[in-house]
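User: Could you take a close look at one part of this model for me? I'd like the strand pairing walked through properly.

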Amino acid sequence: MPNKHLIFLVHGIGDHAANWSESAQKTIKDQYATYAQLSFIPFDERFAFVPILYNDEFEALRKKWRDSTAALGTALAGGAAVKGTDAQIVSDLNDIAKATNKDTFINTHVVDVLLYVFARQTAGTVRESVRKQIFTALTALNRAEPITWSIIAHSLGTAVIHDALHEAYSDKPTKFGEKLAGITRPTLLAMIANVSRVCETDCDVYKSRTRPGSPHDPDAVCRFYMNAHHDWDPIPKPKAFRPALHWPSIAVRMQNLYVDAPISEIEQQNVHDLDHYLRNPLVHVPIFNCMLNRIAIDGDTLKTVHARFAAQTPLDRFGEWVATLKKFQLGEEASWKSILPAWAATLKL
Amino acid sequence: MITTHAERGAFALVHGILAILLLTACASSAYALDAATCAAREQAGLAAGVPPSGVLADLATLCYGISDDANPLTKEARAILDKAKEKDKPADIVKLASALRLLRTRIGEDATLYEPTAAREEFRVALERYEADVGRGVPAGTGFTSPLQWQLQNGDTLPTAPSLHLRSVVDEPCRADLAADACKLALDRGKAWLRAAVLVESTLTLYAAAPLDELRKRSELRLAMWHAYRDEALPQFPWEWILNSVLMKESRDKDTAGQPVGPQPVPTSQIIFLHPGVGLEWRDEPDDAPTSTDSNTQPIMYLEILGRNRWSWDETTGKMIGGAGVSLVATYADREADDDVGYGLIFHSRRTKAYTLGVTRSGDTTNFIVNADLAEFFKDRLAYWREAEEKIAAVRASPLLE
């Protein structure tokens, strides 16, 4: 049986469970179904999602610390440990242990980022966990059929996948002497709200192998590299990933293997949300085109659907309402001849 | 280590669920489209106004050359690939090379179907090279073994056959009339080229299967090592975790762009720094005070000021080997007439880490300390010890012994 094109979904910061990607999957499928150019083959016949989870590594570490601190408190209290031990110490230790409980924003968001950027052991564990999940999924496929896959990473996941892929594709070969970049690589690496540069650790994002390239480039990790960023999303703003015009090479740019996808439409307050990005045609259309490795949805169609999308966002609708209301504005001395049609039109809105 | 089994159990459970989800995803990632469905999808695509080359490109790896394809060439090549597969072993390279030879021969035999001629010639030359490298066992992904070179680019060309343009082959003849004979022949030609490419790519993917398996195994081992570092080395408080990170040296080679090569190696040592704990202290003479009720054994608080723990890795299993360390320790026991802080050494061994031993001096007294596995020890054993000590004291105080 043939293999479907695997879409690995890599989550961002936050407290993610194994089912974290359900909403993103639905968004992608829903958008796909709206294009006749694509949906003559049902989504499920050609694509399969593989959610990647690395939050469990952060959580395991947090639990370790929580338990260590709690155990120390238990030990002190349990033994009345040392006579004269201030009961306050035990109480303080319990407070410290509770502080690492997972339901605080600091623990589930900020600490994860800090641990990834500043604790090399954590970064090493997280990257290996991601690689293992990718290799497991790839080796579970039918080995005598073509293998195609893509990655959609969000927020902190962009930094994680950048590092994980560079390390995998620069690693020394196994006993077989293989070259991974010549065996398989993602067709598309979609970096949504890309923080790979601000979270850069031991590998320069502009010099790493996590770059787009043709099959003739022996080191390029992917064919297409997409960088999607929202004008109002503050997360990918600091040290934003904005490569020079010749990154990774002029030839690659000429072949349109690097796709920059700036967006500005606001559908909801949380503009950093993965689904919010994916619903925007300027993001999902290039994703579909790159995964299919052809211009399935052309520029004119994109222009049309994007205009339609923008028109239904609150800001555009608000602008439209203002323009409409302006037509019906009445002056202080308006006559009934102009008052009546304006009132009628207003009441019909 | 604290709650080792519970932790491992919980972590194993999470990973088990994840593995099941992954396998479920992968199990559903193979999907057979039968000939009728393929034909229906083709018609639907053409009816939707998708260019014929786009329809064929999208259906290529779902319908043409795949194992369910009833085409005679596919059947012939697939029969060889089926024989080349070996359970838990690399595929038979002689058979894989013969599959490539078969494709070269068949393409060369049918000049009508495999048009244009230049592309046919490029296929012949490329397949000769690939057959040679596969037959010689050239490492997968190097030389002429890469399946990526046979993937359709931009829905139009193959890296190995730049003269082949699917759009020219299919779209031009079909522009006027999709039902015309010329269009039907063009569609057949397009499918034939895609079928050939998919069969070559399939052959080379099978050729690369063993190395890909090895990469997965290596990743599994490395992850097991990272987990052992976290779970089987001495537990680290957050400040120790950060300190050990800072002290991890960048030992990787650099590539030509000055970037590190491969993953960060898993550490083989850890620094112990300001690590607090609770244990027991034993001394021969409990106290000098004549009225003292202190026992020989007293609970203590201690602080490992600075120390180091080392181990090595079994690269074939990912298991931690050895594991021994020592640290400078300060202890405090609230004895009735002696509450001096003791200083000494505490010794760690992974084999006996539930009961780490140490020796200290406080004042002019030598003390032996034991660091119990904190929570478990104090919950289970200290209560028992205290109870036993109280019973002994009660017996001693009994009038029967007077």
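In strand 4 of chain B, which residue is the bridge partner of V329(B)?

Analyst: That would be G344(B), sitting in strand 4 of chain B as the bridge partner of V329(B). Keep in mind that this is a predicted model. The pair belongs to an antiparallel match in which strand 3 of chain B and strand 4 (residues 342-349) of chain B are joined by eight bridges. Strand 3 (residues 319-332) of chain B also runs antiparallel to strand 2 (residues 297-314) of chain B, with 12 bridges between them. One of the pairs there puts W313(B) across from M320(B) as bridge partners. Strands 2 and 3 of chain B make a hairpin with four residues between the strands, and in it G318(B) takes a positive phi near 80 degrees.

Now for chain A, where the pairing is parallel: six strands make an open sheet, ordered 2-1-3-4-5-6. Strand 2 (47-52) and strand 6 (258-263) of chain A are at the edges with a single partner strand each, so each has one side without a neighbour in the sheet. From one strand to the next, the twist averages 15 degrees. Within that sheet, strand 4 (residues 188-192) and strand 5 (residues 224-230) of chain A pair over five bridges, and I192(A) stands opposite A228(A) in strand 5.

Helices lie across these chain A strands too. Helix 7 (residues 120-139) of chain A crosses strands 1, 2 and 3, running at about 165 degrees to strand 1. Helix 8 (residues 156-170) of chain A lies across strands 1, 3 and 4, at about 140 degrees to strand 3.

Conventions: Residues numbered from 1 in each chain as written. Chains lettered and ligands numbered in written order. Predicted model: local features only at pLDDT ≥ 70, side-chain atom pairs only at ≥ 80, totals over all residues. Heavy atoms only, no water. Pairing = 2+ DSSP bridges. Helix = DSSP H or I, 4+ residues; strand = E, 2+ residues; numbered from the N terminus. Axes fitted to C-alpha atoms, helices over the stretch in contact; angles between N-to-C directions. Contact = heavy atoms within 4.5 Å.
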